[in-house]
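Good morning, and thank you for joining this meeting. I should like to guide you through one protein chain, part by part. Please have the sequence and the model before you.

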Amino acid sequence: MPAQITGPMAASIPIHIGNDQSNNYRKQHKHSRSSYSESSPLANSRNNSLTFRPPKRHMSTPDKTIAITNASGRQAASLIRVATAVGYRVRAQLRNLEGVVATEVSTNPNVTVFVGELYTRHNPTKENKDVTQNGPIAGVGVNHDLISNLFRGAQLAFINTTFYGDEVQIGMALADAAKKAGVQHYIYSSMPDHKAYNKDWPSLPLWAAKHEVEEYVRKLDLPATFVYTGIYNNNFTSLPYPLFCMELQEDGSFVWQAPFHEDAKLPWLDAEHDVGPAIVQLFKDGVSKWKGERIALAYEYLSPKEACRLFARGVGRPVHYVRGPIEVKVQIPTGYREQLEALAKLFKLSETDPKRQPPYFGDMKLEVSCPTEALELWEGPRGLEEYAREMFPLEEEANGLTWMLDEDEVEQTSAADDKLNATTTSVEQLKLHDENEDDDSDEDEGLVMRGLKRDEEQWLA
């Protein structure tokens, strides 16, 4: 692992990390096709050799560089895998070099990594007008040096802001820097402010900030496209995280409890698998087709009951949906708690008519476009059933859980007590660093997975 640059100079020094290891993205299709169809005369010809095959067309390599923020998040990491595999270069901002995803990104030879926060921590002064007071950490400013360096030489950008620091101020600074750098296509991962669509609906604070950033980007008249991601399939876990806990029962079944109406449709997305191909296609189509457009990135439109049926078929166990309050069993960031409280008001349990549940994306135009518009960008998505069958057990095992293993496998990998210890460790280490810690602390406003096989990985990023 290369040394991380820290201190005042960290923001302005790029770290290019490369080796002979390539992280090739393998597109998986349910049906494979050979170079020639079975009906082709070339298929069965005695002379069907390389001599008689048409020459392979030269595929041009994209001569473009993409600036990407929050590069260890699921959306950005998916894009980096796909984009670098087809020839794009990437300039990626990483908060740190810890965790399996950050390691994957930082060892990709086609990625130049900038390690550092998009905010700065210093005491506010009258002279320093960059200091903001709206973020979760007092006295937080915008890291303009890192942002400027990130866009240097980039023609394209994929920006997913987070609630580390003042998201609105950081989002505005990123847009300003992109415009100054002459970015040709700026794709921003946005979400709705529900109150903007209906005054009786509450704003979800973590989404409303993105809506405000989107409005600023529009005012700048950047050549921009806005993608709205559905609920991540990857959010589900049997660990006691709020809202998407797939709680394991004594009989081996799972229960998902949430406030969504059991018959109201919701948009779904496998972020790790399907964000990257869709964004690459947007870049290929060009800003002339997509400037100013909002796009719902969701490949399935399912009610909670339908989602549980598909999940059950995939995981091979009964999965039951319970419409109920959001249960918070672990320590969570203040900002995320406020988000959950607002979400409970938006999707209120007292509403009995599924047709009256507010649209997840706020805008009904986006809801009715699911999943047609997303499928125009990428036709090979991984659905919830496939995710539950192929990926959910692997992610659970990576977080220290053993429910998916046979008894013999459990005995081989760990003693009976280790099962409890692995789960307990993962839960206890879902921590929020105290906001009052000194500046030398590693302040983190997000839930963190710390299982036996994952060193550190952000959740819901």
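**The chain as a whole**

In this chain, 72% of the contacts with a separation of 6 or more are between residues 24 or more positions apart. Please keep in mind throughout that the model is a predicted one. The chain has 461 residues, and buried residues make up 55% of them. Its secondary structure consists of 15 helices and 18 strands.

Let us begin with a pair of strands. Strand β2, residues 65-68, pairs with β3 in the parallel sense, and 4 bridges connect them. Here a general remark may help: strands of a sheet pair through backbone hydrogen bonds, either parallel or antiparallel. Two partnerships can be named in this pair. Isoleucine 66 has valine 90 of β3 as its bridge partner, and isoleucine 68 stands opposite alanine 92 in β3.

How are the two faces of β2 covered? A second general point prepares the answer: in a regular strand the side chains alternate between the two faces of the sheet. On one side of β2 are Thr65 and Ala67, on the other are Ile66 and Ile68, and all of these are buried. As for β3, residues 89-94, 5 of its 6 residues are buried, so this strand is largely enclosed by the rest of the structure.

I turn now to the packing of helices. Helix α1, residues 74-85, packs with helix α6, residues 271-285, at an angle of about 60°, and their axes are 7 Å apart. The two helices are therefore oblique to each other. Their crossing is right-handed. On the α1 side, the contact is made by Arg74, Gln75, Ser78, Leu79, Arg81, Val82 and Ala83. On the α6 side, the contributing residues include His273, Val275, Pro277 and Ile279. Sorted by class, this contact comprises 8 nonpolar, 4 polar and 4 charged residues.

A further helix pair is formed by α4, residues 167-181, and α5, residues 205-220. What angle do they make, and how far apart are their axes? The angle is about 25°, and the axes lie 9 Å apart. That makes α4 roughly parallel to α5, because an angle under 35 degrees counts as such. The crossing of α4 past α5 is right-handed. Among the residues that make the contact are Val168, Met172 and Ala175 of α4, together with Leu206, Val213 and Tyr216 of α5. By class, the contact of α4 with α5 divides into 9 nonpolar, 1 polar and 5 charged residues.

One residue of α4 brings us to another helix. Serine 148 lies in helix α3, which spans residues 144-151. The C-alpha atoms of serine 148 and alanine 177 are separated by 6.0 Å, although these residues are 29 apart along the chain. Is serine 148 buried, partly exposed or exposed? Its relative accessibility is 40%, and therefore serine 148 counts as partly exposed.

We come next to an open sheet of 3 strands in the order β11-β12-β16, with mixed pairing. Why is one side of β11 and of β16 left without a neighbour in the sheet? Both β11, residues 246-248, and β16, residues 319-323, stand at the edges with a single partner strand each, so one side of each has no neighbour there. Neighbouring strands of this sheet are turned by 30° against each other on average, direction ignored. Strand β12, residues 254-258, runs parallel to β16 and is joined to it by 5 bridges. One of the partnerships between them links phenylalanine 254 with valine 319 of β16. Across β11, β12 and β16 lies helix α8, residues 304-315, which runs at about 160° to β16.

My last topic is a second open sheet. Its 3 strands have the order β10-β13-β15, and the pairing is mixed. Here β10, residues 231-232, and β15, residues 300-302, stand at the edges; each has a single partner strand, so one side of each is left without a neighbour in the sheet. Strand β13, residues 266-269, and β15 run antiparallel and are joined by 3 bridges. Proline 267 has tyrosine 301 of β15 as its bridge partner. Helix α8 packs on this sheet too, touching β13 and β15, and its direction makes about 115° with that of β15.

To close, I return to helix α8: it lies across β11, β12 and β16, and it also touches β13 and β15. Thank you for your attention.

Key: Residues are numbered from 1 along each chain as its sequence is written. This is a predicted model: local features need pLDDT of at least 70, side-chain atom pairs count only at pLDDT 80 or more; totals for chains, interfaces and linings use all residues. Side-chain values use heavy atoms; hydrogens and water are left out. Buried means under 20% relative accessible area, exposed over 50%, partly exposed in between (1.4 Å probe, protein chains only). Axes are lines fitted to C-alpha atoms, for helices over the stretch in contact, and angles run from 0 to 180 degrees between N-to-C directions. Angles under 35 degrees count as roughly parallel, over 145 as roughly antiparallel, 65 to 115 as roughly perpendicular and the rest as oblique. A crossing is left-handed if the near helix is turned anticlockwise from the far one by less than a right angle, and right-handed if clockwise. Contact means heavy atoms within 4.5 Å. Ala, Val, Leu, Ile, Met, Phe, Trp, Tyr, Cys and Pro count as nonpolar, Asp, Glu, Lys and Arg as charged, and the others, Gly among them, as polar. Two strands pair if DSSP finds at least two bridges between them.
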